[in-house]
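Here's a short tour of a protein chain, one piece at a time. Have a look at the picture, then read on.

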Amino acid sequence: LSENGSYSRALFGESFHRLLSTHTGRKLQDKVALITGAASGIGKATATKFINNGARVIIADIQQKLGQETANKLGPNASFITCDVTKESDISNAVDFAISEHKQLDIMFNNAGIACRTPPSIVDLDMTVFDKVMKINVGGLVAGIKHAARVMIPHGTGSILCTASITGVMGGMSQHTYSISKCAVIGTVKSMASELCRHGIRVNCISPFAIPTTFVMEEMSLLYPNVDAQRHMKIVHNAGVLKGANCEPNDIANAALFLVSDDAKYVSGHNLVVDGGFTSFKNLDF
Ligand code: NAD
C-alpha cells in the first residue's frame, strides 16, 4: 500500500482488487474520476463521495482559487486543474492530466453548467445569450464525452455521467434557453450511449431539482427578489416534494455513485430524475 492507501492493481491482481472493494464497501476502489464544475455544489459533493469510496478525483473547474481550495480540503486523492469547458483544449488537457498523473481514466462526470433566465417569450430571445449557454451546457459536455471516449475506448470500459435537469424533462420554469440546453444533454446521453455501448462504455445522466447550491440560490433570488433565497427553497419544497426530504448536494452525489459504480453495470442511456417526486405531480411554471 502507498501512503494514501492506494496499491498497485497490476501487482496484486484483479481478484485481490475485487476482494478489497467488497471488504471495504468502497464502490470505486482504485478508480480515477474527472469531474467538471467540481469546485462547488453538486460536483464538489460528488468528488467527496467518490474519494470516500476509494477513487482518485480530478477537479476541473473554471474557478481556479475555489477549485484549488476544494482539492486541498479533499486531501491527497484530489487534484485540481483549471478548465473552461467551452475550450476544447482545456478539456483535452484535463483528460491528458488524468492519464499522465494516474495512467487511467475510468469515470468522466460532465457536470459544469450555468443557469440562464431568459425572457418569457421566444420572440424576445437574445441569440447571443442562447449561444453562450449552449456552449457551456452542451458544447462543453459533448467535448468532455469525446475526449473521455478517446481514452476509454481502447480499454473497452468506462463510465460517463452528465448533469441534466428536470427542465430538460419538462421544460418551463421561464428558462427556455436553459431548458433547451438540458433537453440537449438528455438527447446527447441517449445518442452517445448507443454509440459507446459496443465499447463497453456506459453513458448516463442525472436530472436534479432545487438542490441548494450557489447556482440555484442565485436563480431564486432573481425570480423572487423580495423573498430570501433560503425561504424560497422552503416554499418550493413545500409546494410539492417528498415530505421531510431535506435535499442537499449529497443526494445527487449518491445517485452519481450508483450510476458510475458496478451497481449500475447494466444501466446505460438512462436519465435518473432526483427531484423528491416533483416532476410526478407538478407543472414547472411555478
Ligand atoms: P454550482 O454553481 O455550485 O456549480 C457549478 C460549477 O460549474 C461551479 O463550480 C462553476 O465554477 C462551474 N463552471 C461554470 N462554468 C464553467 C465552465 N465554463 N467551465 C468549467 N466549469 C464551469 O451549481 P450546481 O447546482 O452544483 O450545478 C452543477 C450542475 O447541476 C449544472 O450543470 C447545473 O445545470 C445542474 N443542475 C443543478 C440543479 C440544482 O438544483 N442545483 C438542478 C438542475 C441541474
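## What "buried" means here

Before we start, one bit of vocabulary: a residue is called buried if 20 or more other C-beta atoms lie within 10 Å of its own, and exposed if 12 or fewer do. Keep in mind that this is a predicted model.

Let's try that out on T167. There are 23 C-beta neighbours inside 10 Å of T167, so T167 counts as buried. You'll find T167 in helix α7, which covers residues 167–170. Along the sequence, T167 and A184 are 17 residues apart, while in space their C-alpha atoms are 11 Å apart.

## Strand β1, wrapped on both sides

Now move to strand β1, residues 32–36. Five of its five residues are buried, so the rest of the structure largely encloses β1.

How do those residues split between the two faces? In a regular strand, side chains alternate between the two faces of the sheet. For β1, one side has V32, L34 and T36, the other has A33 and I35, and all of these are buried, so both faces are covered.

## The neighbours of β1

Which strands pair with β1? One is strand β2 (residues 56–61), which runs parallel to β1 and is joined to it by five bridges. As an example, T36 has A60 of β2 as its bridge partner. To get from β1 to β2, the chain passes through helix α3 (residues 41–52), making a β-α-β crossover that is right-handed.

Strand β4 (residues 107–110) is another partner: it is parallel to β1 too, with three bridges between them. Here I35 pairs up with F109 of β4.

## Helix α5 and its two sides

Next comes helix α5, with 15 residues (88–102). From its first C-alpha to its last it reaches 21 Å, close to the 21 Å expected at 1.5 Å a residue.

Which residues of α5 are buried? They include I91, A94, V95 and A98. Looking down the axis of α5, the buried residues fall within an arc of 90°, so they line one face of the helix. The spacing fits a general rule: an α-helix has 3.6 residues a turn, so residues three or four places apart point the same way. Over on the other side of α5, S89 and S100 are exposed.

What covers the buried residues of α5? The cover includes β1, β2, β3 (78–82) and α6 (127–152). Right after α5 comes K103, which has a positive phi, near 70°.

Conventions
Residues are numbered from 1 along each chain as its sequence is written. This is a predicted model: local features need pLDDT of at least 70, side-chain atom pairs count only at pLDDT 80 or more; totals for chains, interfaces and linings use all residues. Helices (H or I, at least four residues) and strands (E, at least two) are DSSP runs, numbered from the N terminus. Two strands pair if DSSP finds at least two bridges between them. A crossover is right-handed if, with the strands pointing away from the viewer, the path from the first strand over the helix to the second runs clockwise. The expected span of a helix is 1.5 Å times one less than its number of residues. The arc is that of the directions from the helix axis to the C-beta atoms. Two residues are in contact if their C-beta atoms, placed from the backbone, lie within 7 Å.
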